[in-house]
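Student: Could we walk through this model together, one question at a time?
Tutor: Gladly! Let's look at it side by side.

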There are 2 protein chains.
Amino acid sequence: MTENAHSTTNALKVSCSNCSLRELCLPVELSREEMTQLDAVIRQSRRLKRGEALFRSGETFKSVFAVRTGFFKTCVGSHDGREQVTGFHMSGELLGLDGIAANAHGCNALALEDSEVCELPFSRMESLGRDIPSLQHHFFRLMSREIVRDQSVMLLLGNMKADERLAAFLLNLSQRFSTRGFAANDFILRMSREEIGSFLGLKLETVSRTLSRFQANGWITVEHKHIQLIQPPALKAMISGCANQPAAH
Amino acid sequence: MTENAHSTTNALKVSCSNCSLRELCLPVELSREEMTQLDAVIRQSRRLKRGEALFRSGETFKSVFAVRTGFFKTCVGSHDGREQVTGFHMSGELLGLDGIAANAHGCNALALEDSEVCELPFSRMESLGRDIPSLQHHFFRLMSREIVRDQSVMLLLGNMKADERLAAFLLNLSQRFSTRGFAANDFILRMSREEIGSFLGLKLETVSRTLSRFQANGWITVEHKHIQLIQPPALKAMISGCANQPAAH
DNA sequence: TAGCTCGTTTGATACACGTCAAACCCTATT
DNA sequence: AATAGGGTTTGACGTGTATCAAACGAGCTA
């Protein structure tokens, strides 16, 4: 159940070094001395319980965070109560890059399960980047990747129908679990139907109905938060031609 | 008409230096020597005619581009023909940041009118950033700003109704024209109804109908591509509470 | 100037998704 | 173990936007 997403050998070696960062988000060739410098900058990891906020919109920006273990959502809110989930984030992904622009975080980041993150003080990462070109370059790449991801979410929200969105969402999760060494076709959703709906621009009832329809078609099984993909090709067929890559985080 | 958006004194001094970049996208305090270094890196500006592509998705990434004059759209396409406009871009804005991630451009950039851009070879900007910390920091801020913009587009596409989207779109254009010293409430749309629709996740007929309704309400006037905002507060009221900032580029 | 093409407007109709509502079933709390 | 609360499913119905279609107008070409 939940176990299979945690006990399996993790291809990215989440738990080896100081903070696992070099393997996870910074797969860069570094000399021994450079590694030492990097380890000195990376702050001790921080634990969060389910529901806890890593940061909130408006807080002054000091650091970006790398997810070591667990699961996060980021969302932007409006003062009339509406909120839009802008992404779901798992191990090896970076949170808080949107805060650099205004020196203040631009979204809320909430743990969807007990989680652990590394804090990367941004100004120190910046100066370290000046000494280590490959590190600087990698940081630019990470920010660019976030922009690319956002573009594919726009495509999803702007062009796709409810069932296409759901299919893209499930396949994207599948692919990301797979990359991390977890089962690609058997996983637990960490978020509620409402949160999925918010991310996909749908209402929770539509999410629920669409999942039921996929199950009735024999493409997936749904037991509460436990999802199995039975016919991934059927899901892929829905979105073939819609996107360059299946959208999202 | 079209003139008033071009003849007016431009607060950002588009045409003063080599490439106007220091004023436009890189408002950074630089020493005389640093300026010389920067000017050496910025390549001669390039002119494009209406309809011409600055770059296309898949091309190898070498440079980002700063718009000097003119108007661009960026869009991601799917192989079945659908396309999603991801943004509209005017003077002082940077294009191509999404290409860093994969060393290949991730979208198409097309000139919507005769335009002029500066080419910034990225690897040279990167190394220059190592010598000039404030330049490096500014580049990070620009990329972060793009992420923030994308988030507000997601909010628009995920949460807002057709008329709210149009109102946000018009107000965003208005604000950006105003920033550049052009009239805030009287401007020419450089893009078609279909392109607006693609950007906003609507069909062109819906865009047209909604504009007509705004005009019938006395909030705006529409003559083909010439738009006047008569009651900006009425438009603001539509989206108050929907977003932190009115979305888009 | 005439004629064609393409973008735009407007109307009639269809449908996907949202809304409202009720019943169900986990999970958590005491 | 009993109870309360919240997330989920499913149904009936309403509505906003898409779709299909036709007429119009502007700009371009010959």
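Tutor: One term before we start: a polar contact is a pair of N or O atoms within 3.5 Å. Please also keep in mind that this is a predicted model.

Student: With that cut-off, how far is the side chain of Lys225(A) from a phosphate oxygen of DNA strand D?
Tutor: A polar contact needs two N or O atoms within 3.5 Å. Here one partner is an N or O atom in the side chain of Lys225(A), and the other is a phosphate oxygen of DNA strand D. The distance between the two is 3.5 Å.

Student: How far is a polar side-chain atom of Ser208(A) from a phosphate oxygen of DNA strand D?
Tutor: Let's begin with Arg193(A), where a polar side-chain atom lies 2.8 Å from a phosphate oxygen of that strand. Ser208(A) also places a polar side-chain atom by a phosphate oxygen of DNA strand D, and the distance is 2.7 Å.

Student: What percentage of the atoms of DNA strand D that come within 4 Å of the protein belongs to sugar and phosphate?
Tutor: The strand is surrounded by 17 residues, with Arg193(A), Ser208(A), Ser212(A), Ala162(B) and Thr206(B) the closest. Among the atoms of DNA strand D within 4 Å of the protein, the share of sugar and phosphate is 62%.

Student: Which element gives the most residues to the surface near DNA strand D?
Tutor: By class, that surface has three nonpolar, six polar and eight charged residues. The most, five residues, are given by α7(A).

Student: Let's turn to DNA strand C. Which element supplies the largest share of the surface near it?
Tutor: Around DNA strand C there are 17 residues, and the closest include Ala162(A), Thr206(A) and Ser208(B). At least two residues of this surface come from α7 of chain A, and at least two from α7 of chain B. The largest share is five residues, and the element that supplies them is α7(B).

Student: Which residue has a side-chain N or O atom 2.8 Å from a base nitrogen of DNA strand C?
Tutor: Ser212(B) has a polar side-chain atom 2.7 Å from a phosphate oxygen of this strand. Arg209(A) has one 2.9 Å from a base oxygen. For the base nitrogen at 2.8 Å, the residue is Arg209(B).

Student: Why is the relation between chain A and chain B that of a two-fold axis?
Tutor: Two copies of a chain are related by a rotation about an axis and a shift along it. Superposing chain A on chain B takes a rotation of 180 degrees with 0.0 Å of shift along the axis, and the RMSD is 0.0 Å. Therefore the relation is that of a two-fold axis.

Student: Which residue of chain A comes closest to the rotation axis?
Tutor: Both copies use the same surface, as 100% of the contact residues of chain A recur in chain B. Going by C-alpha distance to the axis, the closest approach in chain A is 2.4 Å, and it belongs to Arg130(A).

Student: Which are the edge strands of the open sheet in chain A?
Tutor: Its four strands have the order β2-β7-β4-β5, with antiparallel pairing. An edge strand here pairs on one side only, which fits β2 (53-55) and β5 (83-89).

Student: And what is the bridge partner of Phe72(A) in β5(A)?
Tutor: Strand β4 covers residues 72-77 of chain A and runs antiparallel to β5(A), with six bridges joining them. In β5(A), the partner of Phe72(A) is His89(A).

Technical notes. Residues are numbered from 1 along each chain as its sequence is written. Chains are lettered from A and ligands numbered from 1 in the order in which they are written. This is a predicted model: local features need pLDDT of at least 70, side-chain atom pairs count only at pLDDT 80 or more; totals for chains, interfaces and linings use all residues. Side-chain values use heavy atoms; hydrogens and water are left out. Two strands pair if DSSP finds at least two bridges between them. A residue is near a molecule or strand if one of its heavy atoms lies within 4 Å of it. A polar contact is a pair of N or O atoms within 3.5 Å; within protein, one must be able to donate a hydrogen and the other to accept it, and residues adjacent in sequence count only if both atoms are side-chain atoms. Ala, Val, Leu, Ile, Met, Phe, Trp, Tyr, Cys and Pro count as nonpolar, Asp, Glu, Lys and Arg as charged, and the others, Gly among them, as polar. Copies are superposed by least squares on the C-alpha atoms of residues with pLDDT of at least 70 in both. Contact means heavy atoms within 4.5 Å.
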